[in-house]
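Visitor: I would like to be walked through this structure slowly, with the terms explained as they come up. Could you show it to me before we begin?

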Protein chains: 4
Amino acid sequence: MLVVMKAHATEEQVRDVCQKIEKMGYRAHAMPGAQRTAIGITGNKGEVEAGTLEEMPGVQEVIAVSKPYKLVSREIREDNTVIRFPGTAATLGGPGLAIVAGPCAIESREQAFAVAERVRRAGAQFFRGGAYKPRTSPYSFQGLGEEALRIMAEIREQFGMKIITEAIDHESLDLVERYADVIQIGARNMQNFSLLKRAGRARKPVLLKRGMSATLEEFLMAAEYILSEGNYNVALCERGVRTFADHTRNTLDLSVVPAVQRLSHLPILVDPSHGTGKRNKVTPLSRAAVAVGADGLLVEVHHQPDQALSDGPQSLFPDQFDELMTQVRQIASVVGRGVPEIGMRETLAVSR
Amino acid sequence: MLVVMKAHATEEQVRDVCQKIEKMGYRAHAMPGAQRTAIGITGNKGEVEAGTLEEMPGVQEVIAVSKPYKLVSREIREDNTVIRFPGTAATLGGPGLAIVAGPCAIESREQAFAVAERVRRAGAQFFRGGAYKPRTSPYSFQGLGEEALRIMAEIREQFGMKIITEAIDHESLDLVERYADVIQIGARNMQNFSLLKRAGRARKPVLLKRGMSATLEEFLMAAEYILSEGNYNVALCERGVRTFADHTRNTLDLSVVPAVQRLSHLPILVDPSHGTGKRNKVTPLSRAAVAVGADGLLVEVHHQPDQALSDGPQSLFPDQFDELMTQVRQIASVVGRGVPEIGMRETLAVSR
Amino acid sequence: MLVVMKAHATEEQVRDVCQKIEKMGYRAHAMPGAQRTAIGITGNKGEVEAGTLEEMPGVQEVIAVSKPYKLVSREIREDNTVIRFPGTAATLGGPGLAIVAGPCAIESREQAFAVAERVRRAGAQFFRGGAYKPRTSPYSFQGLGEEALRIMAEIREQFGMKIITEAIDHESLDLVERYADVIQIGARNMQNFSLLKRAGRARKPVLLKRGMSATLEEFLMAAEYILSEGNYNVALCERGVRTFADHTRNTLDLSVVPAVQRLSHLPILVDPSHGTGKRNKVTPLSRAAVAVGADGLLVEVHHQPDQALSDGPQSLFPDQFDELMTQVRQIASVVGRGVPEIGMRETLAVSR
Amino acid sequence: MLVVMKAHATEEQVRDVCQKIEKMGYRAHAMPGAQRTAIGITGNKGEVEAGTLEEMPGVQEVIAVSKPYKLVSREIREDNTVIRFPGTAATLGGPGLAIVAGPCAIESREQAFAVAERVRRAGAQFFRGGAYKPRTSPYSFQGLGEEALRIMAEIREQFGMKIITEAIDHESLDLVERYADVIQIGARNMQNFSLLKRAGRARKPVLLKRGMSATLEEFLMAAEYILSEGNYNVALCERGVRTFADHTRNTLDLSVVPAVQRLSHLPILVDPSHGTGKRNKVTPLSRAAVAVGADGLLVEVHHQPDQALSDGPQSLFPDQFDELMTQVRQIASVVGRGVPEIGMRETLAVSR
């Protein structure tokens with residue numbers, strides 16, 4: 001914390017501020033300058049309440065310095081967090097890219113299997129599909145709930161992919177924790193702190209999506225909530241932020257990938273489907289996400305997007321996903337990454 | 001829904017789009033123009049999935065027309081919703097302004113009573129105070145929980161003010177519903193649809209705050225969630241949105257007040273404390289909120305802001321609140337409103 | 001400038017940074033803290049280039065402290081700047097509000113006079129009208145140029161109002177300086193530094209509008225350009241900023257008014273017409289602007305908005321402006337302001 | 001243009017709106033729907049002024065449909081614009097990527113040559129350097145002006161690179177047009193329409209940077225200004241937009257690349273240096289820009305960034321640029337592009 005005094009602040013005012021700081025239990029470091037004096041504060045454990053100081057005579061402004069996150073920080077842990085899944089080469093945060101694909105929502109067993117078969121064959125190691133859908137309108141399709149979770153558990157058995165799906169409250173989190181391999185917390189719940197704490201007590205990894213207007217610090221602090229409850233297996237996901245730009249549904253902020261990697265040891269994936277909201281932007285932005293250094297991709301794929309119950313316009317056709325995977329593999333090798341194969345099960349081989 | 005064709009779209013392409021629309025069960029209305037053809041779609045009950053149409057040959061873009069909200073709309077109900085509280089002149093949405101004041105968080109019985117006494121005397125009819133605090137950091141003060149609710153219930157008894165406090169999950173909502181008069185849903189939970197549905201089943205009115213990056217449509221749709229579950233006593237609250245501007249913590253969007261009033265019958269209040277995050281901006285923006293036509297104000301007041309456990313820098317001193325109320329009354333009368341007195345209880349008179 | 005070291009920075013790294021700072025000709029002030037060390041820099045005249053320091057081993061980040069503006073700052077001049085106009089009670093920045101009204105663009109002598117007569121009668125002391133229009137499309141009406149300036153000069157003669165109109169380049173500025181009383185620099189040119197410097201050499205006051213995504217600091221720095229060339233008669237104008245919100249054309253940021261007044265001595269007006277882009281929002285936001293403490297209003301008025309060549313949908317009808325002025329006068333008195341009368345000329349009296 | 005009527009609008013109100021439209025000289029197409037009637041408007045050449053219609057009884061809202069740009073549109077010209085430079089393989093918009101590199105500002109002959117030698121050797125075909133710098137502060141270094149232009153002309157002679165540099169007003173544009181190969185219009189001047197028109201009359205290609213808060217439509221309309229004056233050699237450049245995110249100076253919006261390519265035939269480059277403002281983000285975002293399909297890169301390189309007179313912290317070191325070029329070439333080949341060699345001149349060979 002730093003207190004910047006006004007240019008014409010008197011020596012007495014500087015002294016008063018220093019005394020106030022000491023009275024609050026901190027150390028004050030006055031630095032007289034050519035134009036004005038600044039006063040550093042040290043010895044604080046958490047946030048110093050700036051209010052009192054800001055209102056004192058002679059004070060121009062108060063600037064926060066220390067970062068509030070701890071457990072997610074590279075200062076605590078230098079090596080990357082790698083989330084592993086027993087019995088498979090797939091990871092979140094390892095040298096291999098994590099490819100997460102599937103429909104926006106699980107609509108039926110047939111639909112889910114049709115999509116799963118295609119994305120598995122193309123190289124996805126994780127299957128995603130919504131069981132509980134946070135929809136802007138109460139009149140829109142809200143997901144099949146536990147039935148969808150059961151379908152996805154079958155898909156894991158059949159195709160060997162790990163399952164990622166969103167929980168939207170304590171009740172659904174209990175079920176997702178039981179059926180799935182990774183619990184997703186969606187953008188709209190990034191600051192649902194009650195849900196974050198519950199996820200922090202879960203025994204499954206968590207994929208935390210960035211809120212629509214979350215700063216990097218808020219994003220990391222949301223992850224801190226989960227870690228602070230004891231769950232260290234957290235992966236982050238950029239999915240576009242809200243800006244004035246109207247040519248895509250959200251503005252995909254790829255610069256957050258190197259920014260996260262500099263400050264934190266947690267993996268960071270990118271979701272170009274929600275990040276753009278337009279099918280024709282998904283492939284180019286997926287390439288870009290791999291090129292920028294992301295640890296993986298979340299891509300929506302639907303075998304019949306025009307009949308999808310939600311987010312059809314942003315879902316790739318399976319053939320487009322095949323082509324995307326070809327490009328992703330090539331770019332991955334440029335940045336020293338690969339796409340690990342998880343091995344075709346016999347059932348899959350037979351079904352061809 | 002409107003499909004805009006490209007300038008060079010062939011007649012056959014136009015015909016194909018029309019046929020597709022009819023096949024989807026809607027009516028197509030082709031409108032040939034000088035430069036291009038547009039095709040209107042009617043007969044749809046909910047949203048038409050634009051995906052299929054957008055990808056058809058010759059299509060330039062697809063534009064949504066119908067608004068998705070229903071129950072919150074003035075088209076359903078022309079008269080303003082007025083939320084009344086038995087045994088008091090205070091309302092949310094009536095001709096009188098609702099003045100909601102109190103500390104950011106309830107920290108102790110002493111603090112709460114000290115602030116309550118002052119804001120009551122100045123004219124507030126509602127007392128606000130956080131029992132459950134959604135804090136960016138897991139290491140910050142999270143609220144006193146049920147103890148705070150009990151203190152506020154005492155304040156209602158003592159001072160006659162109605163109590164407004166935030167619920168952050170199902171569990172806290174159960175308690176808030178029992179103790180308080182109005183259940184607040186905070187900005188971070190505006191799209192916590194599970195919580196909104198629970199609030200829709202509550203038997204107490206709900207104050208819904210606008211999310212940090214919520215469009216007007218999303219804001220109204222969040223309210224629609226509550227109404228669609230049967231709770232029609234909903235009031236909205238603007239509390240600032242997230243922009244690039246850094247001279248205030250959020251950018252208070254006062255234009256949303258007349259915008260809400262044009263589209264919806266629900267009351268709309270303004271919270272200049274969170275909307276600006278700076279004490280010295282609260283009074284001018286409170287005046288502006290009343291002048292723009294808001295149905296009330298939420299203002300943070302603390303008798304010792306520099307010792308507040310949260311949001312001290314944006315809390316007014318009681319004397320500043322007195323002065324604010326004087327100005328608010330004058331401006332209210334210019335816009336044909338007033339600040340209803342709820343009557344001093346004897347206990348209050350005695351305590352002087 | 002403040003250099004924040006990493007938590008694990010070695011003493012040697014701290015020493016290196018201090019030596020580097022001293023070598024750059026500044027003074028270094030190391031402040032060891034519980035978690036990390038921060039190093040203050042003083043003695044710098046302008047900006048210190050943070051680049052070198054940011055890349056040094058052990059450095060976490062570099063934070064700017066000093067504000068770069070000087071002449072516009074209240075630290076240089078405590079009293080408000082008041083721009084006066086000989087022979088009239090109207091000011092920009094005085095205790096009386098400045099009311100600037102007129103059509104978006106001057107379209108014809110008839111139109112301009114019709115509007116001028118009405119706004120003058122309602123109490124405007126300044127007449128605004130576009131002669132040179134910065135239009136998004138090259139195919140839209142671009143203004144009548146010098147002919148419009150001549151019409152406005154006539155209006156000054158006839159009605160006694162001072163003339164404010166926009167210059168868009170050096171050439172038009174030469175003419176505006178000759179014909180008008182105040183030179184307007186529009187939002188799109190707020191960082192057209194070449195034009196700002198030219199305005200700084202003009203012998204007429206300048207009204208500088210805030211750019212669509214200008215921070216407060218950039219806004220003040222743009223004004224600094226004008227003052228630094230010797231023209232101290234500058235007034236600022238908030239006209240809405242660009243955000244994700246789509247219920248108004250721009251988001252009017254009224255909090256910038258008290259923020260400017262705290263940092264700078266320059267007057268600050270508000271333009272609710274461009275700030276909202278919607279006729280039905282202009283009156284409520286005008287009231288709010290006066291209530292928040294603005295030094296004046298810019299309002300678009302057209303006697304036949306549906307035939308306007310530009311921005312018709314945001315122009316008030318003359319009767320609406322009459323009503324607005326009634327409300328403005330009432331709210332002005334609440335905040336200790338008034339609307340000075342500039343006296344009706346005989347010609348006006350005769351023309352009735 | 002589409003007029004959406006209210007749900008309860010009467011038949012008479014619909015008829016009145018249709019008659020008004022016809023009276024304005026257009027054709028009205030009423031489309032009665034289940035909930036409400038929408039009325040299409042055709043026959044309009046440019047924009048219909050929505051004002052009148054929006055205010056008529058029974059009207060809910062008016063929605064714009066036609067896109068206002070023409071010459072920049074793919075509807076006018078299906079094939080990509082390729083800007084060629086006689087005597088070299090370098091293009092803007094051809095199958096080969098355009099690599100534009102150099103210091104933010106030309107500071108001296110020595111500095112410019114030192115950087116030029118390195119970027120030329122690494123593979124840049126274009127040299128960039130500021131002669132006229134638009135700086136936020138009037139007290140910052142503003143560029144060497146014509147002297148810088150002369151230095152860059154020498155660099156062209158010596159190294160065979162084409163020169164790109166920014167013009168900030170009519171005067172500097174005259175000089176830039178004379179000395180340089182491509183005239184750059186910066187972000188702050190994207191809507192300086194007077195300058196755009198002047199650029200439209202220049203006989204050199206123009207590189208137009210996106211404004212900090214420009215929508216795609218405004219960006220294309222700014223280019224339309226240049227084309228409408230007869231200069232069809234225009235290339236666009238994304239350089240980051242302004243958002244709430246604070247981990248980079250701007251938020252680089254890579255999705256605008258495929259969006260431009262869908263709507264327009266003009267080349268689109270990306271500037272990751274200004275787009276991020278941080279050296280450690282430039283390389284990853286450059287890779288991403290090539291992967292997303294951009295037609296080229298603008299990268300700031302300085303041999304001594306810590307002594308740069310402007311934007312040092314975002315300039316790459318020459319060794320970093322070498323490495324970047326290696327990665328760019330690899331990713332370019334994945335997306336079917338290459339980096340054309342322009343051939344080493346003898347002088348260069350000798351200087352090794």
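Guide: A residue is called buried if 20 or more other C-beta atoms lie within 10 Å of its own, exposed if 12 or fewer do, and partly exposed in between, with the C-beta atoms placed from the backbone. Helices (H or I, at least four residues) and strands (E, at least two) are DSSP runs, numbered from the N terminus. The model is a predicted one, in which local features need pLDDT of at least 70 and side-chain atom pairs count only at pLDDT 80 or more, while totals for chains, interfaces and linings use all residues. Residues are numbered from 1 along each chain as its sequence is written, and chains are lettered from A and ligands numbered from 1 in the order in which they are written.

Visitor: Which residues of helix 8 of chain B are buried?
Guide: Helix 8 of chain B, residues 256-263, is mostly covered, since seven of its eight residues meet the definition of buried. Those residues are B:Val256, B:Val257, B:Pro258, B:Ala259, B:Val260, B:Gln261 and B:Leu263.

Visitor: Which element of chain C do the buried residues of helix 8 of chain B pack against?
Guide: Two residues are in contact if their C-beta atoms, placed from the backbone, lie within 7 Å. Within chain B, the buried residues of helix 8 pack against helix 7 (216-228), strand 12 (234-238), strand 13 (268-270) and helix 10 (279-292). From chain C, the element they pack against is helix 10 (279-292).

Visitor: In the open sheet of chain A, which strands stand at the edges?
Guide: Two strands pair if DSSP finds at least two bridges between them. The open sheet of chain A has four strands in the order 2-3-1-4, with antiparallel pairing. Because each edge strand has a single partner strand, one side of each is left without a neighbour in the sheet, and these edge strands are strand 2 (27-32) and strand 4 (59-63).

Visitor: What is the bridge partner of A:Val4 in strand 3 of chain A?
Guide: Strand 1 (residues 2-5) and strand 3 (residues 37-42) of chain A pair in the antiparallel sense over three bridges. In strand 3 of chain A, the partner of A:Val4 is A:Ala38.

Visitor: At about what angle does helix 1 of chain A run to strand 2 of chain A?
Guide: Axes are lines fitted to C-alpha atoms, for helices over the stretch in contact, and angles run from 0 to 180 degrees between N-to-C directions. Helix 1 (residues 11-23) of chain A lies across strand 1, strand 2, strand 3 and strand 4 of chain A, and its angle to strand 2 is about 160°.

Visitor: Which helix of chain A gives the most to the side that touches chain D?
Guide: The contact takes 34 residues from chain A and 34 residues from chain D. Helix 8 (256-263), helix 10 (279-292) and helix 11 (318-334) of chain A give two or more residues to this side. With eight residues, the one that gives the most is helix 10.

Visitor: Which C-alpha of chain C is nearest the axis that relates chain C to chain D?
Guide: Copies are superposed by least squares on the C-alpha atoms of residues with pLDDT of at least 70 in both. A rotation of 180° with 0.0 Å of shift along its axis superposes chain C on chain D with an RMSD of 0.1 Å, and the two copies are thus related as by a two-fold rotation axis. At 3.0 Å from the axis, the nearest C-alpha in chain C is that of C:Ser213.
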